[in-house]
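Subject: Structure handover

Hello,

Here is the structure you asked about, with the sequence alongside. My notes follow below it.

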Amino acid sequence: MFYWFMKTFVLGPVLKTLFRPWVKGLDNVPASGAAILASNHLSFSDSIFMPLMVPRPVVFLAKSEYFTGKGVKGKLTAAFFRLTNQLPMDRSGGAASAQSLNAGMDVLKNGSLLGIYPEGTRSPDSRLYRGKVGVARLALQARVPVIPVAMIGTDKVQPIGKRVPNIRRIGMIFGEPMDFSRYYGMEDDRLIQRSVTDEIMYELMRLSGQEYVDEYAAVVKLRLAGKATEAPTQQPGPGPEAPGTV
């Protein structure tokens with residue numbers, strides 16, 4: 001109820017008036033049944049604008065830190081994320097991340113839409129980075145289509161580190177549903193997971209027009225911060241930074 005109220009009467013009308021979002025291919029989102037909305041990730045505001053334009057509720061996986069903040073601000077943030085259909089996602093890898101993926105599976109089993117950012121974190125420089133395989137595991141295990149979503153211009157609205165957004169027009173393109181039924185039953189095969197993920201990232205690159213970088217965005221961020229000496233090994237689960245990250 002809170003989600004619907006905020007979208008219909010509070011945030012929705014204001015954001016649509018200020019940012020005048022344009023949308024292409026919205027009819028590619030199924031009117032019913034489970035599906036994954038796999039999006040590029042340019043800004044924290046992606047998680048606000050994309051579900052704003054989708055008629056059905058979209059459930060995102062959000063980093064668990066949003067649910068454990070202290071003080072008034074932390075409690076208000078946690079309450080907001082819970083009331084807007086967000087689920088906590090553990091980024092530590094291993095069993096904890098696998099358990100968080102199971103929460104995403106429950107969403108899909110219930111016939112709902114699950115929002116995911118395959119890159120695992122926001123792009124540090126507006127380019128598209130290598131996807132993590134959590135999106136492939138979910139799509140194959142749940143046997144659901146993947147709808148690629150290209151966010152356009154949200155990095156200009158709210159760059160990383162900027163709290164107050166710039167008022168300018170943004171857009172999004174919903175691509176045709178991607179069917180991976182040819183791989184059903186092979187969801188535990190790492191090569192299949194990588195193949196499916198790369199296919200999704202290629203479609204995101206085509207829709208968004210972004211330059212593709214065959215490297216994990218998280219590694220690039222560490223290097224830019226002077227903290228990375230070598231690329232970490234890929235974890236079997238997702239490693240989100242913002243809502244929907246996998």
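In which sense do β2 and β7 pair, and over how many bridges? The two strands pair in the parallel sense, and 4 bridges hold the pairing. Please keep in mind that this is a predicted model.

Strand β7 and its neighbours

In the pairing with β2, I36 stands opposite V146 of β7. β7 also pairs with β8, this time antiparallel, again through 4 bridges. There A150 has I173 in β8 as its bridge partner. Of the 7 residues of β7, 6 are buried, leaving the strand mostly covered.

Helix α7

Helix α7 covers residues 190-208, which is 19 residues. At 1.5 Å a residue the helix should span 27 Å, and its end C-alpha atoms are 27 Å apart, so the two values agree.

The N-terminal end of α7 is capped by D189, with a side-chain oxygen 2.8 Å from the backbone nitrogen of L191. Past the other end comes G209, which follows α7 and has a positive phi, near 75°.

The buried residues of α7 include I192, V196, I200, M201, L204 and L207. Polar and charged names are on that list too, among them Q193, R194, T197, E203 and S208. What do the buried residues of α7 pack against? Their partners are the strands β2 (35-39), β6 (128-129), β7 (146-152), β8 (171-174) and β9 (212-213), together with helix α5 (134-142). Both strands that pair with β7, namely β2 and β8, are thus named among the elements that α7 packs against.

Aromatic pairs

The search of the whole structure gave 4 aromatic pairs. One of them is F5 with F9, a tilted pair with 5.7 Å between centres and 45° between planes. Both residues sit in helix α1 (residues 2-19), 4 residues apart, or about one turn of the helix. F5 is partly exposed, at 41% relative accessible area, while F9 counts as exposed because its relative accessibility is 52% and the cut-off is over 50%. W4 joins F5 and F9 in one aromatic cluster.

F19 and F49 make another pair: their ring centres are 5.1 Å apart and the planes stand at 75°, so the pair is edge-to-face. Since F19 belongs to helix α1 and F49 to helix α2 (residues 46-53), the pair ties together parts that are 30 residues apart in sequence. Are F19 and F49 buried or exposed? Both are buried.

Regards

Methods: Residues are numbered from 1 along each chain as its sequence is written. This is a predicted model: local features need pLDDT of at least 70, side-chain atom pairs count only at pLDDT 80 or more; totals for chains, interfaces and linings use all residues. Side-chain values use heavy atoms; hydrogens and water are left out. Rings of Phe, Tyr and Trp (its six-membered ring) pair if their centres lie within 6.5 Å; planes under 30 degrees apart count as stacked, over 60 as edge-to-face and the rest as tilted. Buried means under 20% relative accessible area, exposed over 50%, partly exposed in between (1.4 Å probe, protein chains only). The expected span of a helix is 1.5 Å times one less than its number of residues. Contact means heavy atoms within 4.5 Å. A polar contact is a pair of N or O atoms within 3.5 Å; within protein, one must be able to donate a hydrogen and the other to accept it, and residues adjacent in sequence count only if both atoms are side-chain atoms. Two strands pair if DSSP finds at least two bridges between them.
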